[in-house]
Amino acid sequence: MPPTRVVCVEGKNSPRNQTFRDALARGEHDVCRRLLHEMIDEGATRSQAAECLIADAMHGVGHAWQCDQIDVYQERRACDMALRLIFDLSSSLPPVPDDAPLAIGGSPQCDPYQLPTALVELTLREAGWRATSLGNQLPLESFIQATADCQPQLVWLSVSSIDDEDTFVANQNRMAASLAEDVVLLVGGRALTDSIRPRLRFTAHCDSLRQLADLAEILLIKCEHSRSQLCQERAVHNAAKTHQK
């Protein structure tokens, strides 16, 4: 077989983005990592750098693969490398307090994409949540079991692919109805089009990681305020019981 063709992946018109896309397609992990941390050193958050570089690159790599501009192994390698870069960014965050609000989520059954839910996990952790991605291709019944087991304050659903809209809508609404009233349900992903979103039950829809980050910070403040109020009420109640004794 002849050597692989020269890689020039299309995407955002930026020298940094072009270098990152081409390096990802060539399997140059250290180059990609350096470009991410350069952007962070310039003031971007980790989720902003990931959305700007990784998300853009994976769109370009996917298009290049579909157009037969790169080989299958290059696309698969790029996916694996992108995941490792996201995990690297997440591991470089300071530890989240053990008593921080808990968030869990993932992608539903028939959705094979791993990167979107990994990016959501990174964004929420950076915002101060104890976020854990449950992975992709999960039956929505499994989401229901996970929320019962883990008792999170926030659940996210990242949807990049849907096989049957009616089945998905029915299952998603059943999952939403199973959540406690004080549990926030966030949804997002390219498969949640303008025609399907009105049929779903959720707290908020996010079009980008930037929107998610802003919303996560607001929700975190509300959770901490509610917890502070609850602690005060308990303190007053305990003090009253002590006084009665």
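Student: Quick one to start: which residue in β5 does V187 stand opposite?

Tutor: H205 stands opposite V187 there. Keep in mind that this is a predicted model. V187 falls within β4, residues 184–188, and β4 pairs with β5 in the parallel sense over 3 bridges.

Student: OK, and what order do the strands of that sheet come in?

Tutor: The order is β2-β1-β3-β4-β5, in an open sheet of 5 strands with parallel pairing. At the edges sit β2 (130–133) and β5 (204–206), each of which pairs on one side only. On average, neighbouring strands are turned by 20° against each other, ignoring direction.

Student: What packs on the sheet, touching β1, β2 and β3?

Tutor: That's helix α5, residues 115–126. The direction of α5 makes about 150° with that of β3. Helix α6, residues 140–150, lies across β1 and β3 and runs at about 165° to β1.

Student: β3 keeps coming up. How many of its residues are buried?

Tutor: 5 of its 5. L154, W156 and S158 are buried on one side of β3, and V155 and L157 are buried on the other, so both faces are covered.

Student: Why do the residues split between two sides like that?

Tutor: In a regular strand, side chains alternate between the two faces of the sheet.

Student: And how many bridges does β3 make with β1, and how many with β4?

Tutor: With β1 there are 4 bridges, in the parallel sense. With β4 there are 5, also parallel. To pick out some pairs, V155 in β3 is the bridge partner of I104, and S158 has G188 in β4 as its bridge partner.

Student: Zooming out, how many helices and strands does the protein have?

Tutor: There are 8 helices and 5 strands. Going along the sequence, the pattern reads α-α-α-α-β-α-β-α-β-α-β-β-α.

Student: What share of the residues is buried?

Tutor: 43% of the 245 residues. As for contacts between residues at least 6 apart in sequence, 73% of them join residues at least 24 apart.

Student: Let's talk about the core. Which residues of the largest nonpolar core touch the most other members?

Tutor: Those are F20, L24, I54, L124, W129 and L154, out of 51 residues in that core. Helix α3, residues 46–66, gives the most to this core, with 9 residues. Another core, of 22 residues, lies apart from it, and its members include I162, L179, A191 and I196.

Student: What does F20 touch, leaving out residues up to four places away in sequence?

Tutor: F20 touches C32, L35, L36, L53, I54, A57 and L85. As a general point, nonpolar side chains tend to be buried together in soluble globular proteins.

Student: Now something charged. Is E75 buried or exposed?

Tutor: E75 counts as buried because its relative accessible area is 10%, and the cut-off for buried is under 20%. E75 is found in helix α4, residues 72–91. Setting aside neighbours within four places in sequence, E75 is in contact with V61, W65 and I70.

Student: H37 next. Which helix is H37 in, and what does H37 touch?

Tutor: H37 is in helix α2, residues 29–41. Beyond residues up to four places away in sequence, H37 touches D88 and L89. The side chains of H37 and D88 make a polar contact at 3.3 Å. H37 and L89 are 52 residues apart in sequence, while their C-alpha atoms are 8.7 Å apart in space.

Student: Back to helix packing. At what angle do α3 and α5 pack?

Tutor: About 170°, with their axes 10 Å apart. That makes α3 roughly antiparallel to α5, because angles over 145 degrees count that way. In the contact, R46, S47, A50 and M58 of α3 meet L115, L119, L122, T123 and E126 of α5.

Student: And α6 with α7, parallel or antiparallel?

Tutor: Their axes come within 9 Å and cross at roughly 10°, with α7 covering residues 165–178. That makes α6 roughly parallel to α7. From α6, the contact involves L140, E141, F143 and I144, and from α7 F168, N171, Q172, R174, M175 and S178.

How values were computed:
Residues numbered from 1 in each chain as written. Predicted model: local features only at pLDDT ≥ 70, side-chain atom pairs only at ≥ 80, totals over all residues. Heavy atoms only, no water. Pairing = 2+ DSSP bridges. Helix = DSSP H or I, 4+ residues; strand = E, 2+ residues; numbered from the N terminus. Axes fitted to C-alpha atoms, helices over the stretch in contact; angles between N-to-C directions. Contact = heavy atoms within 4.5 Å. Polar contact = N/O pair within 3.5 Å; in protein donor to acceptor, adjacent residues only side chain to side chain. Core = buried A, V, L, I, M, F, W, Y, C linked by side-chain atoms within 4.5 Å. Buried < 20%, exposed > 50% of the residue type's maximum accessible area, 1.4 Å probe, protein only. Parallel < 35°, antiparallel > 145°, perpendicular 65-115°, else oblique.
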